Amino acid sequence: MTSYEAQAALDDIRRLQEHTGDAYVHHGFSRSYVLMTAVTLFVELSSFDLPHPWSTATLALGVVLLAGTLIAQERRAPVRRRHSGRELLLYAVASAVLMLVYLASLATTRAAGLPAPHTVAATAVALASLAGARFTRPLLAAIVRRDSRNV
C-alpha cells in the first residue's frame, strides 16, 4: 500500500464518520420525534391539574409515551453511536432550561390566579421545547462533528 492509498483510505473513513454524525443528528431531530417529545412533555406536566385517579393515569400515559418514543427512536435509528460527555451535558442543560421554563411559568400562572396552572405551564414547556429544538440541533451537530474528528 502506498502512502497515497493510505491517505485516501483515511480520508474515506473521516468522510463516512461525518455522514454517520449527520444521519444521527438528522434522525434525532426529525419533526415527528420533536413533536412527540413536546406532546409527551405536555401530557406529563399537565397531568398535575387533574383529580387524583386521572392524574395518575395521565402521568402513566406520559411515561408510556416517553418510553415508546425513545424505543422507537433508538430502534429506527439509521446509525448507532455512543453518546459523548458533551452530548450528555447538552441534554442535561436543555432539560434544566425546560424545567426552569416550567417553574417560572407555573409561578407566573399561580401569581396571576389563572385556573389550571400546570396546564398553562406545560403548554409553555411544550412550545419552548419546539422552539429550543431549532437551537439545540446545530449545537448537537457541532458536538458530533467535533467528536468524530477527535476519534
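1. A word on terms before anything else: buried means under 20% relative accessible area, exposed means over 50%, and partly exposed is what falls in between. H83 comes out at 39% relative accessibility, so this histidine counts as partly exposed. Keep in mind throughout that we're looking at a predicted model.

2. Staying with H83: you'll find this residue in the loop between α3 and α4. Its side chain has a polar contact with the side chain of Y24, at 2.9 Å, and another polar contact, of 3.3 Å, joins the side chains of H83 and E87. E87 itself is on the list of buried residues in α4. Setting aside neighbours within four places in sequence, H83 is in contact with Y24, L88 and Y91. If you want a long-range reference, A8 sits 75 residues away along the chain, and the two C-alpha atoms are separated by 28 Å.

3. Now the helix that follows that loop. With 28 residues at 1.5 Å a residue, α4 should span 40 Å, and its end C-alpha atoms are indeed 40 Å apart, so the two figures agree. Besides E87, the buried residues of α4 are L90, Y102, S105, L106 and T109. Just after α4 comes G113, which takes a positive phi of about 75°.

4. The helix on the other side of the H83 loop is α3, running over residues 52-75. Its 24 residues reach 35 Å from first C-alpha to last, close to the 34 Å expected at 1.5 Å a residue. Have a look at what is buried here: S55, T58, G62, T69 and Q73.

5. α2 covers residues 31-46. Its 16 residues reach 22 Å between the first and last C-alpha, close to the 22 Å expected at 1.5 Å a residue. The buried residues of α2 are Y33, V34, A38, T40, V43, E44, L45 and S46.

6. S46 deserves its own point. Is S46 buried or exposed? Its relative accessible area is 10%, and since buried means under 20%, S46 is buried. The S46 side chain reaches the backbone oxygen of F42 at 2.6 Å. Not counting residues up to four places away in sequence, S46 touches H118, T119 and A122.

7. On to the pockets. The largest pocket holds about 1300 Å³ of space. Its lining takes in 42 residues, with F29, T37, Y91, A94 and S95 lying nearest the centre; Y91 is also one of the contacts of H83. By class, that lining has 27 nonpolar, eleven polar and four charged residues.

8. Which helices supply the lining of the largest pocket with at least two residues each? They are α1 (3-28), α2, α3, α4 (85-112) and α5 (117-150). The most comes from α4, with ten residues.

9. The second largest pocket has about 160 Å³ of space. It is lined by F29, S30, R31, V34, L35, L130, A133 and R137, with α2 and α5 each supplying at least two residues. The class split is five nonpolar, one polar and two charged. F29 is worth a second look when you have both pockets on screen: this residue is among those nearest the centre of the largest pocket and also lines the second largest. V34, another residue of that second lining, is one of the buried residues of α2.

Terms used:
Residues are numbered from 1 along each chain as its sequence is written. This is a predicted model: local features need pLDDT of at least 70, side-chain atom pairs count only at pLDDT 80 or more; totals for chains, interfaces and linings use all residues. Side-chain values use heavy atoms; hydrogens and water are left out. Helices (H or I, at least four residues) and strands (E, at least two) are DSSP runs, numbered from the N terminus. Buried means under 20% relative accessible area, exposed over 50%, partly exposed in between (1.4 Å probe, protein chains only). A polar contact is a pair of N or O atoms within 3.5 Å; within protein, one must be able to donate a hydrogen and the other to accept it, and residues adjacent in sequence count only if both atoms are side-chain atoms. Contact means heavy atoms within 4.5 Å. On a 1 Å grid over the protein atoms alone, a cavity is a set of points where a 1.4 Å probe fits but cannot get out, and a pocket is an open set with protein on both sides within 12 Å along at least five of seven lines; lining residues have an atom within 4 Å of a point. Grid points are joined across faces, edges and corners, and a volume is the space filled by probe spheres set on the points. Ala, Val, Leu, Ile, Met, Phe, Trp, Tyr, Cys and Pro count as nonpolar, Asp, Glu, Lys and Arg as charged, and the others, Gly among them, as polar. The expected span of a helix is 1.5 Å times one less than its number of residues.
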